[in-house]
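Biologist: I would like to learn how to read backbone and burial features in a model of this kind, one feature at a time. Could you take me through the structure, giving the general idea before each case?

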Amino acid sequence: MLRKGAQVLDVGCGPGFWASEMAHEYPNSHITGIDTVEPGIDRLVNFHFVNANVLLGVPFGDETFDYVFVRHLNFGILEGDWPRLLAELVRVLKPGGWLEVLETDMQLHRPGPHLERFSQKFMEIQRAKGVNPALARLLPSLFLTLPLSPVRKGYLSFPCGKTWAGKLGKLTMSDWQATVNVVARHVLDEENEAEQLLNECDEYKTFINSHIVIGRKKL
Ligand SMILES: C[S@@+](CC[C@H](N)C(=O)[O-])C[C@H]1O[C@@H](n2cnc3c(N)ncnc32)[C@H](O)[C@@H]1O
């Protein structure tokens, strides 16, 4: 479908990395990115950006896209807004088109004691705002309320650490480092705790799961 030429929507495209890679890899397809913040990517003939808040409605007609993609939008969307947003995304899909959502379940697996404490506080803050840190695990049941069939689900585990999990572990570590640096001053009591809690990842072999759900709009 993408090789032949498809209309693709990247919802909450952020810096536009995914959209840009797709645009390069599938020159016959057209990628539309939507976000409230301009992406930083170079101008491409088969990518264009629309500045809009998707919670106010997705600004496209019914049955416009062959493939709608969402990745890591959860921290911008309250739990109660997800059913309405997903229904909007299905509205703009053509019959037979595909909806794919990838979100990370914030529940850490095998965290050390400092990281566990940090993570619990972080999740408390999210819940107080109305964001569900475990939304990723609810996605399959939300998909089943929509006119999508078949619905397929899976997950990928992301190990975190400098020594026990190779390149992927290091990449995850640098990603978490950025989050910890932003959140730490609201959550941690001691200054040196930020360093300590990520060092635990190698000792405890910490990992996290990202869930992927894919559904096809009924014909
Ligand atoms: C964590 S970034 C993910 C970016 C991209 N999807 C990726 O995986 O690289 C989340 C993005 O969603 C956007 N976002 C959050 N709420 C939004 C909304 N209501 N409407 C449009 N974009 C939104 C944010 O501006 C941000 O760029």
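Modeller: Keep in mind that this is a predicted model. We can begin where a helix ends: just after H3, Gly130 takes a positive phi of about 100°. H3 itself has 17 residues, which at 1.5 Å a residue should span 24 Å, and its end C-alpha atoms are 25 Å apart, in agreement with that expectation.

Biologist: Which residue follows H6, and what is the sign of its phi?

Modeller: The residue that follows H6 is Lys205, and its phi is positive, near 55°. The general background is that most residues other than glycine have a negative phi.

Biologist: Where else should I look for a positive phi in a residue other than glycine?

Modeller: One such residue is His72, with phi near 55°, and it is found in the loop between strand S4 (65-71) and helix H2 (82-91). His72 counts as partly exposed because it has 15 C-beta neighbours inside 10 Å, where 20 or more would make a residue buried and 12 or fewer would make it exposed. Arg110, also not a glycine, has a positive phi near 55°; Arg110 is placed in the loop between strand S5 (93-109) and H3, and with 16 other C-beta atoms within 10 Å it is partly exposed.

Biologist: Which peptide bond is cis, and where does its proline sit?

Modeller: The general idea is that most peptide bonds are trans. Here the bond from Ser149 to Pro150 is cis, with omega near 0°, and Pro150 has its place in strand S6 (residues 148-159).

Biologist: How should I read the sides of a helix, and which residues of H2 are buried?

Modeller: The approach is to list the buried residues and then look at their directions around the axis. In H2, the buried residues are Leu85, Leu86 and Leu89. Seen down the axis of H2, these buried residues fall within an arc of 95°, so they line one face of the helix. Pro83 and Arg84 are exposed on the other side of H2, while the buried residues pack against strand S1 (7-11), S4, S5 and helix H4 (135-143).

Biologist: Which residues of H6 are buried, and what covers them?

Modeller: Leu197, Leu198 and Cys201 are the buried residues of H6. They cover an arc of only 90° around the axis, which puts them on the same side of H6. What covers them includes helix H3 (113-129) and helix H5 (166-187), whereas the face turned away from the buried side carries the exposed residues Glu195 and Glu203. The length of H6 can be checked as well: its 12 residues (193-204) should span 16 Å at 1.5 Å a residue, and the end C-alpha atoms are 16 Å apart, which agrees.

Biologist: Is Ile208 buried or exposed, and what is it in contact with?

Modeller: The idea is to count the neighbours, and then to ask which of them come from elsewhere in the sequence. Ile208, found in strand S7 (residues 207-217), has 22 C-beta neighbours inside 10 Å and therefore counts as buried. Leaving aside neighbours within four places in sequence, Ile208 is in contact with Thr104, Asp105, Leu108, His109 and Phe158. Phe158 is 50 residues away from Ile208 in sequence, yet their C-alpha atoms are 5.3 Å apart in space.

Biologist: Is Thr36 buried or exposed, and what does it touch?

Modeller: Thr36 has 11 C-beta neighbours inside 10 Å and so counts as exposed. Thr36 lies in the loop between strand S2 (30-35) and strand S3 (47-51), where, not counting residues up to four places away in sequence, it touches Asn51 and Asn53. The C-alpha atoms of Thr36 and Val54, 18 residues apart along the chain, are separated by 8.5 Å.

Biologist: Which residues come nearest to the ligand, and how is its shell made up by class?

Modeller: Of the 15 residues around the ligand, those that come nearest are Gly12, Gly14, Val54, Arg71 and Gly76. The shell comprises seven nonpolar, six polar and two charged residues.

Biologist: What does the UniProt record list for residues 8-97?

Modeller: The UniProt entry, which is unreviewed, lists residues 8-97 as "domain: Methyltransferase". In the model, that span is 21% helix and 30% strand, and its end C-alpha atoms lie 10 Å apart.

Conventions:
Residues numbered from 1 in each chain as written. Predicted model: local features only at pLDDT ≥ 70, side-chain atom pairs only at ≥ 80, totals over all residues. Helix = DSSP H or I, 4+ residues; strand = E, 2+ residues; numbered from the N terminus. Expected span 1.5 Å × (residues − 1). Arc of directions from axis to C-beta. Contact = placed C-beta atoms within 7 Å. Near = placed C-beta within 6 Å. Nonpolar A, V, L, I, M, F, W, Y, C, P; charged D, E, K, R; others polar. UniProt positions renumbered as here; feature names shortened; annotations may be inferred.
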